[in-house]
Amino acid sequence: DRLLTFARRQRLETRRIDLNEFVLNLTELLRRTIGTDIDLSTSLASDLWLTEADPGQVENALLNLAINARDAMPNGGRLIIETRNASLDDEAVALIPGLAPGDYVVLSVADTGVGMTAEVKARCIEPFFTTKGPSKGSGLGLSTIYGFARQSGGNLTIYSEPGRGTTVNIYLPRAREEKPSRGDAAKTTTVQPSKGETVLVVEDDDRVRRLTCTRLKELGYGTKEAPNGPAALAILEKSPEIKLVFSDQVMPGGLSGLDLAEVIREKYPKIRVVLTSGYSPDLIGRERVDRLGLKILRKPYQQADLARVIREALEEGAAS
Ligand SMILES: Nc1ncnc2c1ncn2[C@@H]1O[C@H](COP(=O)(O)OP(=O)(O)OP(=O)(O)O)[C@@H](O)[C@H]1O
Ligand SMILES: [Mg+2]
């Protein structure tokens, strides 16, 4: 593939590194780069695994993503840099081509900027693709980062919608020597069995929605599906068997997952709601999430985590 051919032009000097150190060391430079209208915050996992990557490429990636975020927020906004561990199973990587199941360290850069249209999102990692005009952008930022991530044994995922900001996640493999003989990803976690309840899946992306239904059926749940909030409410109206709504947070159209949860809380107080999102959780109104007592499952998620979160929400509902 053309993108990978482009990527192989880079020569990588791979070392064992702690991504948190890079974020901390670069924070001052990033602050100066993005200016005072943008509020920069970090959320760094304290138990972060080491990764194996080229230090210069990591710095380049952070700087380029911060500049992209700045360009997307001409009137200011929030920039959030996050690190976290992610153990991914087969199901979790199903929609991320080229990413093998395993343990990864994730670097996320999230902004509250203009976001991307579907057309721009589909092309943004192409070399020389830019919407900024020849004097401003070369269109090499994301393609270089993508190439670096793939060459390092990882990948890139991008969540973006017009007006809803952008979250870019760089997956880098966990450093090898650190791994116990059986990686955490391979650990057999007990999957909590269902009692056959019906779950309504709300998700605008057809492929993600279909896969989510398949995964829930594998766990023994019945499923219904809706592509957006209003359609979900129409289905709830005539489907009293639905016990839980599993909804994406960021969806096009008027209703977000949180908005939908608020309506359901009012109209159907017995129905449980679980949200899922690929965006940085710091961009989702924490105060509303807490007030509604909601759980948010970060995408992509393992089958065992899906099973646990759904089960816990249903049991809480049965207990209250
Ligand atoms: N955070 C973001 N928010 C909105 N759109 C973005 C964001 N990051 C990238 N894009 C879109 O993707 C395009 C490609 O980004 P990329 O970083 O590869 O190139 P560029 O920023 O245009 O130029 P360069 O990085 O080479 O200076 C951008 O022109 C922009 O349209
Ligand atoms: Mg750029």
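A backbone N or O atom of leucine 142 lies 2.8 Å from an oxygen atom of ligand 1. The protein covers 90% of the 590 Å² of accessible area that this ligand has on its own. The structure described here is a predicted model.

## Ligand 1 and its surroundings

There are 18 residues around ligand 1, and those that come nearest are Thr130, Thr131, Lys132, Ser138 and Leu142. The polar distances to oxygen atoms of the ligand are set out below.

| Residue | Protein atom | Distance to an oxygen atom of ligand 1 |
|---|---|---|
| Threonine 131 | side-chain N or O | 2.5 Å |
| Leucine 142 | backbone N or O | 2.8 Å |
| Leucine 140 | backbone N or O | 2.9 Å |

## Helix α6 and the loop before it

Leucine 142 is also one of the buried residues of α6. The others in that helix are Gly141, Ser143, Thr144, Ile145, Tyr146, Gly147, Phe148 and Ala149. Because nine of its eleven residues are buried, α6 is largely enclosed by the rest of the structure. The helix lies across β6 and β7, and runs at about 135° to β6. Just after α6, glycine 153 has a positive phi of about 90°.

The loop between α5 (118–123) and α6 (141–151) contains phenylalanine 128. This residue has a positive phi of about 70°, although phenylalanine 128 is not a glycine. Phenylalanine 128 counts as exposed because its relative accessible area is 56%, above the 50% cut-off.

## The mixed sheet

One open sheet has five strands in the order β2-β4-β5-β7-β6, and its pairing is mixed. At its edges are β2 (38–44) and β6, each of which pairs on one side only. From one strand to the next, the twist averages 15°. Within this sheet, β4 (residues 77–88) and β5 (residues 102–111) pair in the antiparallel sense over ten bridges. Isoleucine 80 has alanine 110 in β5 as its bridge partner.

Helix α2 (residues 19–34) lies across β2, β4, β5 and β7 (166–173), and its direction is at about 175° to β2.

Tyrosine 159 belongs to the edge strand β6, which spans residues 155–160. Beyond four places in sequence, tyrosine 159 touches Gly165, Thr166, Thr167, Asn169, Gly278, Tyr279, Lys299 and Pro300. Tyrosine 159 is 13 residues from tyrosine 146 in sequence, and their C-alpha atoms are 14 Å apart in space.

## The parallel sheet

A second open sheet of five strands has the order β9-β8-β10-β11-β12, with parallel pairing. Its edge strands are β9 (222–226) and β12, and each pairs on one side only. The twist here averages 25° from one strand to the next. Strands β10 (residues 242–248) and β11 (residues 272–277) are joined in the parallel sense over five bridges. Opposite phenylalanine 246 stands valine 274 in β11. Helix α7 (residues 206–218) lies across β8 (198–202), β9 and β10, running at about 165° to β9.

## Arginine 298 and the cis proline

Arginine 298 is part of β12, which covers residues 295–298. With a relative accessibility of 16%, arginine 298 counts as buried, because the limit for that class is under 20%. Its side chain makes a polar contact of 3.1 Å with the side chain of glutamate 82. Besides Glu82, arginine 298 touches Arg84, Ser108, Asn169, Ser277, Gly278, Tyr279, Ser280 and Pro281, leaving aside residues up to four places away in sequence.

Asn169, Gly278 and Tyr279 are among the residues in contact with arginine 298, and these three are also among those touched by tyrosine 159.

The peptide bond from lysine 299 to proline 300 is cis, with omega near -10°. Proline 300 itself lies in the loop between β12 and α11 (303–319). Both Lys299 and Pro300 are touched by tyrosine 159 in β6.

Definitions and conventions:
Residues are numbered from 1 along each chain as its sequence is written. Chains are lettered from A and ligands numbered from 1 in the order in which they are written. This is a predicted model: local features need pLDDT of at least 70, side-chain atom pairs count only at pLDDT 80 or more; totals for chains, interfaces and linings use all residues. Side-chain values use heavy atoms; hydrogens and water are left out. Helices (H or I, at least four residues) and strands (E, at least two) are DSSP runs, numbered from the N terminus. Buried means under 20% relative accessible area, exposed over 50%, partly exposed in between (1.4 Å probe, protein chains only). A polar contact is a pair of N or O atoms within 3.5 Å; within protein, one must be able to donate a hydrogen and the other to accept it, and residues adjacent in sequence count only if both atoms are side-chain atoms. Contact means heavy atoms within 4.5 Å. Two strands pair if DSSP finds at least two bridges between them. Axes are lines fitted to C-alpha atoms, for helices over the stretch in contact, and angles run from 0 to 180 degrees between N-to-C directions. A residue is near a molecule or strand if one of its heavy atoms lies within 4 Å of it. Accessible areas come from the Shrake-Rupley method with a 1.4 Å probe; for residues, only the protein chains shown count as cover.
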